[in-house]
Amino acid sequence: MNPSTTLVLHGVKLSGHVHRVELLLRMLGLPYDFVDASASVRASAEFRKRNPLAQIPVLEDGELVLCDSLGIMVYLCKRYAPETELLPDDPIGAAAVQRWFSLAAGEVTYGLANARAATLWNAPFDKRFAHAISERLLEFMEQHLANRTFLAAGHATLADLACYAYVAHAPEGGVSLEAYPAVQAWLARVEALPQFFPLPSALPAAA
Ligand SMILES: N[C@@H](CCC(=O)N[C@@H](CS)C(=O)NCC(=O)O)C(=O)O
């Protein structure tokens, strides 16, 4: 089913939270407009009317305004692709996706995303703490993926889209992926999905 109005995604291209939503929009084949919402835009009264937390992503679907990347992903599947296997409906599949959503909003954010933001943009996060959380998460993922292809099922789900960008860009936060071959193989499997597109590198291109 296609939306009757064009969906509008507010975000910035270097955000992993925004990337997971944009990746899903592309995988579901939903047309959308992308509106830049860099820091000065997010601070405006107009943006805060959409999201009082002043965070991205925000998705507009006609009159409906949705905040929170994971909530937006659930909405898009349920509204426009109710049969998609990206959001399993069976009790075990649904619980497994929720577990990875919790990790995406927890360890992935407090570890990998915060280490990246502190390294690249001097965001006020404790890098040692973020690195310790990142390592614990990656060790768990390595063990989890040793005999699995995707995080929450035998096929890709929203769990993979939600976790992908900050894991793939861990080195930008000073977190090496070298010791995690199963995690690297999983990243390659996500990158091979139809309609995949990468989060751009935040590092300056080599001369
Ligand atoms: N729970 C939110 C978190 C979103 C989030 O932290 N977005 C960051 C960009 S990656 C942001 O807007 N940061 C600005 C701020 O928190 O002031 C979600 O999943 O959408």
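# A friendly tour of a predicted model

Biologist: I am new here, so where is the place of Ala-54?
Modeller: Welcome! Keep in mind that this is a predicted model. Helix H3 covers 45-50 and strand E3 covers 58-61. Ala-54 has its place in the loop between H3 and E3.

Biologist: What is the sign of phi at Ala-54?
Modeller: Most residues other than glycine have a negative phi. Ala-54 is not a glycine, yet its phi is about 60°. The sign at Ala-54 is therefore against that general habit: positive.

Biologist: Is Ala-54 buried, exposed or partly exposed?
Modeller: Count the other C-beta atoms within 10 Å: Ala-54 has 16. Buried needs 20 or more and exposed needs 12 or fewer. Because 16 falls in between, Ala-54 is partly exposed.

Biologist: Which peptide bond is cis, with omega near 5°?
Modeller: Most peptide bonds are trans. Follow the loop between H3 and E3, where Pro-57 has its place. The cis bond is the one from Ile-56 to Pro-57.

Biologist: Which residue in the loop between E4 and H4 has a positive phi of about 90° although it is not a glycine?
Modeller: Strand E4 spans 64-67 and helix H4 spans 69-80. The residue in the loop between them is partly exposed, with 18 other C-beta atoms within 10 Å. With a phi of about 90°, the residue is Asp-68.

Biologist: Which class has 5 residues in the shell around the ligand?
Modeller: The residues around the ligand include Ala-54, Ile-56, Pro-57 and Asp-68. Others among them are Ser-15, His-17 and Gln-55. By class, the shell has 4 polar and 1 charged residues, and the class with 5 is nonpolar.

Biologist: In what sense do E3 and E4 pair?
Modeller: E3 and E4 form a hairpin with 2 residues between them. Gly-62 in the turn has a positive phi of about 65°, and Asp-61 stands opposite Leu-64 in E4. The pairing runs over 4 bridges, and its sense is antiparallel.

Biologist: How many helices does the protein have?
Modeller: Read the elements from the N terminus on: β-α-β-α-α-β-β-α-α-α-α-α-α. Each β in that order is a strand and each α a helix. The protein has 4 strands, and its number of helices is 9.

Biologist: What radius of gyration does the protein have, and does "agrees" or "disagrees" describe it beside a compact globule?
Modeller: The C-alpha atoms fill a box of roughly 45 × 40 × 35 Å along the principal axes. With 207 residues, a compact globule would have a radius of gyration near 17 Å. The protein agrees with that value, as its own radius is 17 Å.

Biologist: What separates the centres of domain 1 and domain 2?
Modeller: Domain 1 runs over 7-80 and domain 2 over 91-191. Between them, 8 residues of domain 1 are in contact with 10 residues of domain 2. Taken over C-alpha atoms, the separation of the centres is 21 Å.

Biologist: Which element gives the largest share of the side of domain 1 that touches domain 2?
Modeller: 8 residues of domain 1 are in contact with domain 2. Helix H1 (16-27) and H4 each supply at least two residues of that side. The largest share, 5 residues, comes from H1.

Biologist: Which residue is 186 residues from Leu-14 in sequence, but 6.2 Å away in space, C-alpha to C-alpha?
Modeller: Leu-14 has its place in the loop between strand E1 (7-11) and H1. Leaving out residues up to four places away in sequence, Leu-14 touches Ala-202 and Pro-200. The partner at 6.2 Å is Pro-200.

Biologist: Is Trp-186 buried or exposed?
Modeller: Trp-186 has its place in helix H9, residues 181-191. Within 10 Å there are 24 other C-beta atoms, and 20 or more count as buried. Trp-186 is therefore buried.

Biologist: What share of the 207 residues do buried residues make up?
Modeller: Trp-186 is one of the buried residues, whereas Leu-14 is partly exposed, with 19 other C-beta atoms within 10 Å. Over the 207 residues of the protein, the buried share is 37%.

Note on methods: Residues numbered from 1 in each chain as written. Predicted model: local features only at pLDDT ≥ 70, side-chain atom pairs only at ≥ 80, totals over all residues. Near = placed C-beta within 6 Å. Nonpolar A, V, L, I, M, F, W, Y, C, P; charged D, E, K, R; others polar. Domains from an automatic or database assignment. Contact = placed C-beta atoms within 7 Å. Rg over C-alpha atoms; globule rule 2.2 N^0.38 Å. Pairing = 2+ DSSP bridges.
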